[in-house]
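Colleague: Please show me the model, and then I will ask how its labels are justified.

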Amino acid sequence: MEAGFEVAAGGLGENITTAGLDLERMPLGTLIELGPTAIVELTGLRTPCVLIDRFQAGLKRQVLSSAETGPPFKCGVLGVVRAGGAVAANDRARVRLPSSSFRALPAL
């Protein structure tokens with residue numbers, strides 16, 4: 001909202017919205033445990049494409065990071081469900097880092 005865009009949860013395709021986790025900096029293979037049994041494995045950065053401007057004109061420019069270090073985008077990560085289960089609002093997310101970080105997210 002600070003840049004004038006209103007994007008509601010789920011508006012750009014995310015299925016889970018988190019707070020307080022620096023997901024873009026976590027290595028590939030990190031497991032996020034949600035609710036009592038669900039587990040999502042981080043598999044990569046989400047890359048914005050031209051379709052994002054169809055959602056709201058000028059939005060793609062907003063999700064590109066101007067920072068010299070860190071992820072090039074400010075639009076989340078991709079993950080694969082490794083274990084299903086019920087997930088509810090305000091569930092705690094528990095992070096399990098992989099035993100090896102050689103699969104770190106690439107800096108583009």
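The exchange below takes up salt bridges, exposure and the nonpolar core.

Colleague: What kind of model is this, and how many salt bridges does the structure hold?
Modeller: The model is predicted, and the structure holds four salt bridges.

Colleague: Why is the contact between R25 and D22 called a salt bridge?
Modeller: The closest N and O atoms of R25 and D22 are 3.4 Å apart. The cut-off is within 4 Å, from a side-chain nitrogen of Lys or Arg to a carboxyl oxygen of Asp or Glu, so the pair qualifies.

Colleague: Are R25 and D22 buried or exposed, and how do you know?
Modeller: R25 has a relative accessible area of 52%. Exposed means over 50%, so R25 is exposed. D22 has 41%, which lies between the limits of 20% and 50%, so D22 is partly exposed.

Colleague: What makes E33 and R94 a salt bridge?
Modeller: Their closest N and O atoms are 3.3 Å apart, and the limit is within 4 Å. The pair therefore counts as a salt bridge.

Colleague: Which parts does the pair of E33 and R94 tie together?
Modeller: E33 belongs to strand β1 (residues 31-34) and R94 to strand β4 (residues 93-96), so the pair joins parts that are 61 residues apart in sequence.

Colleague: Why is E33 called buried, and what is R94 called?
Modeller: Buried means under 20%, and E33 is at 18% relative accessibility, so E33 counts as buried. R94, at 34%, counts as partly exposed. E33 and R94 are also linked with R96 in a network of salt bridges.

Colleague: How do you know that E41 and R82 meet in a salt bridge?
Modeller: The N to O distance between their side chains is 2.6 Å. Since the cut-off is within 4 Å, the pair meets the criterion.

Colleague: Where do E41 and R82 lie?
Modeller: E41 lies in strand β2 (residues 38-45) and R82 in strand β3 (residues 77-83), so this pair ties together parts 41 residues apart in sequence.

Colleague: What makes E41 buried and R82 exposed?
Modeller: E41 has a relative accessible area of 12%, and the limit for buried is under 20%. R82 has 51%, and exposed means over 50%. Therefore E41 is buried, whereas R82 is exposed.

Colleague: Which residues form the largest nonpolar core, and which strand supplies the largest share?
Modeller: That core has seven residues: L23, M26, I32, L34, A38, V40 and L42. β1 and β2 each supply at least two residues of this core. The largest share, three residues, comes from β2.

Conventions: Residues are numbered from 1 along each chain as its sequence is written. This is a predicted model: local features need pLDDT of at least 70, side-chain atom pairs count only at pLDDT 80 or more; totals for chains, interfaces and linings use all residues. Side-chain values use heavy atoms; hydrogens and water are left out. Buried means under 20% relative accessible area, exposed over 50%, partly exposed in between (1.4 Å probe, protein chains only). Helices (H or I, at least four residues) and strands (E, at least two) are DSSP runs, numbered from the N terminus. A nonpolar core is a set of buried Ala, Val, Leu, Ile, Met, Phe, Trp, Tyr and Cys residues joined through side-chain atoms within 4.5 Å.
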